[in-house]
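Colleague: Could you pick one part of this model and walk me through it slowly? I'd like to hear about one chain, and then about the gaps and openings around it.

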Amino acid sequence: MVLTADIHLPEESELTVPEVNLSGASLRAGAFHLGKYCEHANNEFMLCRFEENDPRKCIAEGKAVTACTMQFFRKVKSACMSEFNQYANCIDKSSGDFSFQYCRTTQGVLDKCMLDKLGLERPDFGYFCEARVHDTKRPKPLEEPKAVYPDATPALPEDADRKPARFGSRFYWMTE
Amino acid sequence: MDCAVARKQDLPPPGGYRPIPYKRIPAKQYFSGYAMFAGFIGMTTGALYLQYLTYKQIKKHEIEMRSAKMAIYPMLLAERDREYLKQLRRNRDAEAELMKDVPGWEVGTYYGEKVYKLLPNDTLVEPIFHEYYAHTDPKEWYKRAYIKLMS
C-alpha cells in the first residue's frame, strides 16, 4: 500500500464517537430540518473538507457534525417521534428512491409538529442547492507555491531580435 | 365440303366486354391540407405545453432530491471519513504484521523505495481500490466491486 509508517493516521480511539444509527428513509425524512438545524457545523465541515482535501484534518469538524446530528434526532425523538416515524415510513414505502412527492400529507403533519414544538421551520424550496458563503475562523490553507526549476531553459532577453516567422504560421487558416 | 359439324366461334359476350376499370378512385379526404397543417401545429403546441408542465415537475423533483442529499451529505461524509481512516490504519497494521519476517521490507514501500518520491512528508495518498481491499477476503472485494450489479 502507499501508506508508509511515517504518515500520521489517527488512532482508532480518536475516531470513535457515537454514530448516527438510522436508516436511509429516516435520514431522508429529517434531511431538510437537519440541514437547517446543523447548518453551521455542516458548512464548517464541508468547507474544511474541500479546502484541505484531507480527511485527517477535519476530524474535529466531522465530530461536531455527527454530534449536532445526534442532538437533532434526539430532539425529534423526544418531541415529534410518532409524526416523524409516520413520515419516514411513508417515504420508505411509497417509492423506490425515497421520493418526497407522495408524502405531502405526512410531511405537513411533521412540519407542523417541528414548528410548534421545536421551532424549526422547513427551509425554502431548493435551499440546499444554493451556493452559500460561510464565514469561518479556521485559517485558509496555504496555496502551493509556484514550482521553480533551476535547470529550466532561460527565456529570451527583453531586447532580443524578434524576426517574423520564415515560413509563416503553421495555423495559417486560423490566423490569417 | 366435309365441315358437317357446326363450329362455335369464340366471341365477346352479347353487348360486349365490361369496361376496364382504369378510373382512379381517391380515398375519401376527411381534412384539407390547411386543416392538416393546423392540426399538426395545434397538436404540437398542446404536446409542448404538456411537456413543459412535466419538465417543470421533474426538475422540481430532482431539485428536492438533490437538496435532501446535500443536507445529509456532511453527516455521511464525516462518518465515512472516520471509518476510512480507521480502515487505513488497520490495513497498514495488517501489512506490517504480514511482512514482518521479510528482511528489508518497509511498510508502504518496495524495500524502501517509495511510490511517490516528490510528495511532501505526511501527505495522505488515498490507496486505490484493489490496494484498499488487499488484506480482506476476496468475497468482500467482490461484494464491494459488484454491489451495484447485485443490488
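Modeller: One term before we start: two residues are in contact when they have heavy atoms within 4.5 Å. Keep in mind, too, that this is a predicted model.

Let's take chain B. With that meaning of contact, look at the pairs in chain B with a separation of 6 or more: 37% of those contacts join residues 24 or more positions apart. As for what the chain is made of, you'll find four helices and zero strands, so to speak a plain α-α-α-α when you read along the sequence.

Now try turning chain B on your screen. Along its principal axes, the C-alpha trace spans about 135 × 60 × 30 Å. How does its radius of gyration sit against that of a compact globule of 151 residues? The globule would come out near 15 Å, whereas chain B has 43 Å. As for what is tucked away, 20% of the 151 residues of chain B count as buried. The chain exposes about 13100 Å², and carbon and sulfur atoms supply 62% of that area.

Next, the openings. The largest pocket has a volume of about 500 Å³. Its lining takes in 17 residues, and the ones nearest the centre are E52(A) and E144(A) from chain A, plus L119(B), P120(B) and T123(B) from chain B. Sort that lining by class and you get eight charged, seven nonpolar and two polar residues.

The second largest pocket comes in at about 430 Å³. Here 16 residues form the lining, with N42(A), N43(A), M46(A), R132(A) and P74(B) nearest the centre. Which helices each supply at least two residues of this lining? They are helix 3 (39–52) of chain A and helix 1 (33–98) of chain B. Helix 3 of chain A gives the most, with five residues. By class, this lining has nine nonpolar, four polar and three charged residues.

Then there are the closed-off spaces. How many cavities of 30 Å³ or more are there? The count comes to two. The largest cavity holds about 160 Å³ of space. Fourteen residues line the largest cavity, and nearest its centre lie T4(A) and I7(A) of chain A, together with K114(B), Y116(B) and T123(B) of chain B. You may recognise T123(B): it was also among the residues nearest the centre of the largest pocket. The classes in this cavity lining run to seven nonpolar, four polar and three charged residues.

Finally, the second largest cavity has about 40 Å³ of space. You can click through its whole lining: F45(A), P55(A), C58(A), I59(A) and G62(A) on the chain A side, then A78(B), D81(B) and R82(B) on the chain B side. Helix 4 (59–94) of chain A and helix 1 of chain B each supply at least two residues here. This time helix 1 of chain B gives the most, with three residues. The lining splits into five nonpolar, one polar and two charged residues.

If you want one thing to follow on screen, make it helix 1 of chain B. It supplies at least two residues to the lining of the second largest pocket, and it turns up again in the lining of the second largest cavity.

Terms used. Residues numbered from 1 in each chain as written. Chains lettered and ligands numbered in written order. Predicted model: local features only at pLDDT ≥ 70, side-chain atom pairs only at ≥ 80, totals over all residues. Heavy atoms only, no water. 1 Å grid on protein atoms, 1.4 Å probe; cavity = no way out; pocket = protein on both sides within 12 Å on 5 of 7 lines; lining within 4 Å. Points joined across faces, edges and corners; volume = space filled by probe spheres on them. Nonpolar A, V, L, I, M, F, W, Y, C, P; charged D, E, K, R; others polar. Rg over C-alpha atoms; globule rule 2.2 N^0.38 Å. Buried < 20%, exposed > 50% of the residue type's maximum accessible area, 1.4 Å probe, protein only. Areas by Shrake-Rupley, 256 points an atom, 1.4 Å probe, with all protein chains shown as cover.
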